[in-house]
Amino acid sequence: MKIAVVGSGYVGLVTGVCLADFGHEVVCIDKDASKIAALERGEIPIYEPGLAALVAGNTAAGRLSFTTELEDGVRDAAVVFIAVGTPSRRGDGHADLSYVYGVAKELAHAVSGFTVVVTKSTVPVGTGDEVAHIIRSTNPDADVAVVSNPEFLREGAAIEDFKRPDRIVVGVEDERARAVMAEVYRPLYLNQAPLMFTNRRTAELTKYAANAFLAMKITFINEIADLCEATGANVQEVARGMGLDNRIGGKFLHAGPGYGGSCFPKDTLAMVKIGQDFDSPMRLVETTVSVNDQRKRAMSRKVITACGGDVRDKTIGVLGLTFKPNTDDMREAPSIDIIRGLLDRGARVVAYDPQGMKAARELIEGVEFANSAYAVAQDAHAVVLVTEWNEFRSLDLARLKRGMKTPVLVDLRNVYRHDEVAKHGFSYVSIGRPQ
Ligand code: UGA
């Protein structure tokens with residue numbers, strides 16, 4: 001089957017490459033000529049484990065190609081995925097749909113024959129209706145069916161998530177489109193991944209509901225962690241005790257510095273706006289958003305307290321900058337608020353991240369960068385573990401301590417145990433666990 005994917009960002013690129021790997025003939029389209037040129041040379045614009053090899057293999061097999069020309073790319077396609085960005089609109093938090101609608105307009109005259117247009121981008125309820133309206137009003141002869149097929153992949157595990165999804169949600173209003181989408185996902189069907197057909201609005205809302213619920217689950221355990229600190233309980237054991245109940249489940253119950261990334265912050269905010277638009281307030285999500293924002297800021301105060309209440313002219317080492325491991329994505333990363341909070345209080349901050357330093361340089365002013373965890377610790381009055389990259393999980397604690405001015409370790413991901421760190425003479429602060 002011939003498939004075009006418009007937008008070669010995270011979701012678009014992973015979708016295109018994986019669909020090619022299923023045996024479909026895929027063309028990935030993006031307006032950014034330098035991105036397309038790089039992809040044609042086999043260079044991947046994002047850090048995602050396994051993606052480079054998959055691009056190389058499928059390009060060599062002739063199933064995957066890249067272009068900047070939307071019209072050429074979609075002409076013979078039976079299915080066109082729209083996977084362009086839907087960032088938060090400046091000022092009001094609504095999802096900015098200008099890119100999605102721009103593509104819909106361009107598609108109207110470019111497609112030929114019956115074409116299924118699929119929104120993969122996370123879009124508010126009713127966007128599919130608007131996409132269909134734009135295409136039909138631009139070209140009344142266009143024979144298209146608009147489908148919603150939200151993506152649930154996680155950065156850092158994107159290929160695995162795409163190929164072995166918990167479920168695929170497809171919102172269709174048209175029997176022909178339903179048959180085409182079943183064919184697109186047939187290889188996964190054979191893997192027994194549940195393919196759930198529903199209507200378009202339900203599919204659109206399902207994506208937001210899932211992300212908001214996960215964000216709420218994380219925020220819930222983060223508040224429990226605070227309560228554990230106040231009462232002397234242990235959040236990891238509370239999470240385990242809760243998670244063993246199948247109705248709750250143990251995943252997404254790791255307390256930490258607050259969620260970040262390109263999805264949860266943007267999607268929770270957009271969901272609040274959708275609730276307001278439809279006069280159906282999403283109060284739990286509103287609270288989740290504000291509790292998480294406050295938490296990210298509160299983490300710098302936690303570091304300051306661990307340093308005796310004052311960080312002026314002290315050196316604080318930061319391990320990990322990206323919003324989570326195995327990505328180079330810095331969007332809404334808790335490290336940004338934490339570092340700014342420390343700089344504001346007069347600290348000198350030295351940071352290291354295996355992949356995030358390039359983006360961090362442009363985002364955070366006044367921070368210095370080092371090239372290893374041990375270099376970060378040099379002359380530091382405290383080291384703060386912000387992102388749980390594997391290379392920070394088994395640090396040589398004796399070596400880390402050797403260069404430090406005062407051995408204070410603030411572990412915002414509960415990677416270490418109190419006894420093993422204390423053994424090396426560290427003063428140790430973690431999240432929601434007794435000291
Ligand atoms: C998230 C969802 O997990 C995906 O299902 C969804 O497809 C994606 O958003 C999206 O909408 O595109 P992602 O943002 O890549 O994926 O990352 P997650 O692994 O979900 O982590 C998000 C944030 O929550 C990170 O900052 C992470 O550190 C934090 N988190 C996660 C916790 O603090 N505790 C947890 O237990 C889990």
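The shell around the ligand takes its largest share from α10, which gives 3 residues. This is a predicted model, so to speak a computed picture throughout.

Stay with that shell. Which helices each supply at least two of its residues? They are α10, spanning 200-231, and α12, spanning 264-277.

Now the residues themselves. There are 21 around the ligand. Five of them come nearest: Glu 155, His 254, Tyr 259, Gly 261 and Cys 263. Look for those five names in the structure above.

What about chemistry? The shell divides into 10 nonpolar, 6 polar and 5 charged residues.

Next, the domains. The protein is divided into three stretches. Domain 1 runs 2-198, domain 2 runs 208-284, and domain 3 runs 290-429. Which domains each give the ligand shell at least three residues? Domain 1 and domain 2 do.

Let me move to domain 2 and domain 3. Their C-alpha centres lie 23 Å apart. How many residues are in contact here? On the domain 2 side, 13 residues, and they meet 17 residues of domain 3.

Take the domain 2 side of that contact. Here α10 comes up again: its 3 residues are the largest share of the side that touches domain 3. By class, this side of domain 2 has 4 nonpolar, 8 polar and 1 charged residues.

To pull α10 together: this helix gives the largest share of the ligand shell. It also gives the largest share of the side of domain 2 that touches domain 3.

Note on methods
Residues numbered from 1 in each chain as written. Predicted model: local features only at pLDDT ≥ 70, side-chain atom pairs only at ≥ 80, totals over all residues. Near = placed C-beta within 6 Å. Helix = DSSP H or I, 4+ residues; strand = E, 2+ residues; numbered from the N terminus. Nonpolar A, V, L, I, M, F, W, Y, C, P; charged D, E, K, R; others polar. Domains from an automatic or database assignment. Contact = placed C-beta atoms within 7 Å.
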